Amino acid sequence: MSEALSGPGSSSEGPGGPSIDGPHDPEHDPRASYALEPEHVARLTDRVVSTTGTTVQVFSPINGAPLANIPQSSEADVAEAFRRARVAQAAWARVSIDERARILHRLHDIVLDRQAEIMDLIQLESGKARKHAFDEPLHIALTARYYARTAHEHLDPERKAGVVPGLTKVEVNRVPKGVVGIITPWNYPFTMALCDGLPALLAGNAVVIKPDAQTMLSALIAAEMLEEAGFPRELWQVVAGPGRVLGTPIIERADYICFTGSTATGKIIARQAAERLIGCSLELGGKNPILVLRDADIERAAEGAVRASFSNAGQLCVSTERMFVADAIYDRFVERFVARTKALSLGTGLNWDADMGTLISADQLETVSAHVDDAVAKGARVLAGGKARPDLAPYFYEPTILEGVTPEMTCFGNETFGPVVSIYRFHDEADAIARANDGEYGLNGAIYTRDTERGRRIARQVKCGTVNVNEAFGATFASIGAPMGGMRESGMGRRQGSEGIHRYTESQSVAVQRLMRLAPMLGMSDETYAKVMTASLRVMNKLGRA
Ligand code: NAD
């Protein structure tokens, strides 16, 4: 735990804290008081562009106690943030790519060095288990290193073949868009602030970011680390307030919008971006399937299914909410999956003991409870979990496995965004693929099989932006060189890889024509010119085919 915390600061659940099966030990009450030093909070909140004089109090889902007062931004503050960002961007665009990459490498090290402080803030604001909080600095270190190493590959001018070989020289430049607006959710507050922001900065842009209100501190420590690494402070502006109030002022001023959140909000953003003809990328919701084929390694699939379904208490865009299991192994798989789920230790401490933490809010608890209660009322069976655990934290809900879920139930096709997974049998491969592709989403899928060739063949038929074979989501998510994003209602555009940085640039083609004009030569009639060109095109097409 970092020095920033005072008070007991740990739930002391002890190794193997309470689980679904185990009773809660009242001696190890997680409602210990977690308090941040006021100077620490002030140092971070000082970065919010705010002249309103109003603050909003944020409470920790660990114990419901007040955590920090966050200054709020007005529309005028958003305008000021963009003004500052534009000034900073003009200077930043002149900084060499090598220097920008050097700063990114430094950020990589800072994030790893200060990981305890980052994880404390993430846990206090979100209530997730420490091992899930660790995924955030890990993901950002991977992202920083990838883009730092490949900066020239993505951003150097690219030579292209010209229309007249040897005489038309063409290069494509990558021009920064300008100021990018980023709007992020609460579930991975540190990662979401930076994983889309780093390539924007590397490409020569400035950023105005509006993080979710519940997780401002995790986003603000990201801003602090950017400055520590060497990015000019003014290049990264943070505003705070409700999305429905600040969203429009941001979109009205941005040169590009990067949004992560729900599909419903994504559609609002897309409409507003279209009105201004600015580009946007939308990373949205999912109802992600896993297929467990009959030749799967059952133990490995069961272990993967637990991580897939209950990481960050299921509040993860790529987490699994639907499992399709081959008839022949269904009973053995379910036995192992249920046993592993029931053995998870549940808790909220700032230590490494818990396998799963709490939901983040009363709203989340309400949605999760409503989905499970509705399913049970309509005939679904609960194989594990199925109830709230207020003895652990105000919004805690057990990891839950449902069987017998049918289309009339809310959780059949709607994203729960919680620790609830429905499990189904399948009889043949085509049926399994069709059911996995059912619905409107298309974010992430997974296939467990010992035959990896078969896994790849099936993957190509799954309508998801990322598909993992013998992993649930981590293999694609952590492979930063490969694009990540959603098909259908799960989004538009991609983060990571070259698409993840090129979205923040305008491609500009510059052609230099030498000697020959692109017109009839002196004295040549237009008709003769057309004949010469036609003959040349035919020859070139023939040569191209040979
Ligand atoms: P949300 O859409 O309610 O909020 C996300 C962000 O948008 C917040 O900062 C919020 O303040 C802002 N916002 C809300 N209304 C807005 C508006 N009208 N205009 C502009 N901004 C607005 O989503 P949420 O419930 O906080 O997050 C959970 C959702 O995010 C889930 O559906 C989840 O699947 C999705 N998500 C997707 C990814 C991904 O990479 N695909 C990652 C994380 C979360």
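## The largest pocket

In this predicted model, the largest pocket has 37 residues along its lining, and the ones nearest its centre are Trp186, Phe259, Gly261, Ser262 and Thr265. Helix H9 (243-253), strand S10 (256-260), helix H10 (263-276) and helix H13 (362-377) are the elements that each put two or more residues into that lining. H10 gives the largest share, with six residues.

As for volume, the largest pocket comes to about 910 Å³. Its lining is a mix by class: 15 nonpolar, 16 polar and six charged residues. Where does the largest pocket lie relative to domain 1 (13-284 + 498-502) and domain 2 (288-485)? It lies between them, because both domains give residues to its lining.

## The second largest pocket

Next comes the second largest pocket, with about 490 Å³ of space. It is lined by 24 residues, and His132, Asp135, Arg307, Ser311 and Phe473 are the closest to its centre. Helix H5 (130-155), helix H11 (298-310) and helix H17 (474-477) each supply two or more of the lining residues, and H5 has the largest share at six residues.

Sorted by class, this lining holds twelve nonpolar, five polar and seven charged residues. Domain 1 (13-284 + 498-502) and domain 2 (288-485) each contribute at least three residues to the lining of the second largest pocket.

## The chain as a whole

Stepping back, the protein chain is split into domain 1 (13-284 + 498-502), domain 2 (288-485) and domain 3 (520-545). The centres of domain 1 and domain 3 are 54 Å apart, taken over C-alpha atoms. Along the principal axes, the C-alpha atoms of the chain fill a box of roughly 95 × 60 × 40 Å.

How does the radius of gyration of the protein chain, 26 Å, sit against that of a compact globule? A compact globule of 546 residues would have a value near 24 Å, so the two agree. The secondary structure adds up to 19 helices and 20 strands, and 54% of the 546 residues are buried. If you take the contacts between residues at least 6 apart in sequence, 74% of them join residues at least 24 apart.

## Helix H9 up close

H9 is one of the elements lining the largest pocket, and it has a buried side to look at too. Leu246, Gly247, Pro249, Ile250 and Ile251 are the buried residues here. The buried residues of H9 pack against helix H2 (75-92), strand S7 (179-183), strand S8 (206-210), S10 and H10. Of these partners, S10 and H10 also turn up among the elements lining the largest pocket.

## Loops worth a look

Lysine 463 sits in the loop between helix H16 (452-459) and strand S18 (466-469). Its relative accessibility is 42%, so lysine 463 counts as partly exposed. Setting aside neighbours within four places in sequence, lysine 463 touches Asn437, Tyr441, Gly442, Met487 and Arg488. Lysine 463 and leucine 443 are 20 residues apart in sequence, with 8.1 Å from C-alpha to C-alpha.

Serine 60 is in the loop between strand S3 (55-59) and strand S4 (66-71), and at 2% relative accessibility it counts as buried. Beyond its neighbours within four places in sequence, serine 60 is in contact with Ala65, Leu67 and Leu124. Leucine 350, in the loop between helix H12 (330-342) and H13, is buried as well, with a relative accessible area of 4%. Leucine 350 and alanine 116 are 234 residues apart in sequence, yet their C-alpha atoms are 9.6 Å apart in space.

## Two positive phi angles

Which phi value does leucine 277 have? It is near 55°, a positive value in a residue other than glycine. Leucine 277 lies in the loop between H10 and strand S11 (279-283), and it counts as exposed because its relative accessibility is 79%.

Alanine 313 also has a positive phi, near 50°, and is likewise a residue other than glycine. You'll find alanine 313 in the loop between H11 and strand S13 (320-326). Is alanine 313 buried or exposed? At 1% relative accessibility, alanine 313 counts as buried.

Terms used:
Residues are numbered from 1 along each chain as its sequence is written. This is a predicted model: local features need pLDDT of at least 70, side-chain atom pairs count only at pLDDT 80 or more; totals for chains, interfaces and linings use all residues. Side-chain values use heavy atoms; hydrogens and water are left out. On a 1 Å grid over the protein atoms alone, a cavity is a set of points where a 1.4 Å probe fits but cannot get out, and a pocket is an open set with protein on both sides within 12 Å along at least five of seven lines; lining residues have an atom within 4 Å of a point. Grid points are joined across faces, edges and corners, and a volume is the space filled by probe spheres set on the points. Helices (H or I, at least four residues) and strands (E, at least two) are DSSP runs, numbered from the N terminus. Ala, Val, Leu, Ile, Met, Phe, Trp, Tyr, Cys and Pro count as nonpolar, Asp, Glu, Lys and Arg as charged, and the others, Gly among them, as polar. Domain bounds come from an automatic or database domain assignment. The radius of gyration is taken over C-alpha atoms; the globule rule is 2.2 Å times the number of residues to the power 0.38. Buried means under 20% relative accessible area, exposed over 50%, partly exposed in between (1.4 Å probe, protein chains only). Contact means heavy atoms within 4.5 Å.
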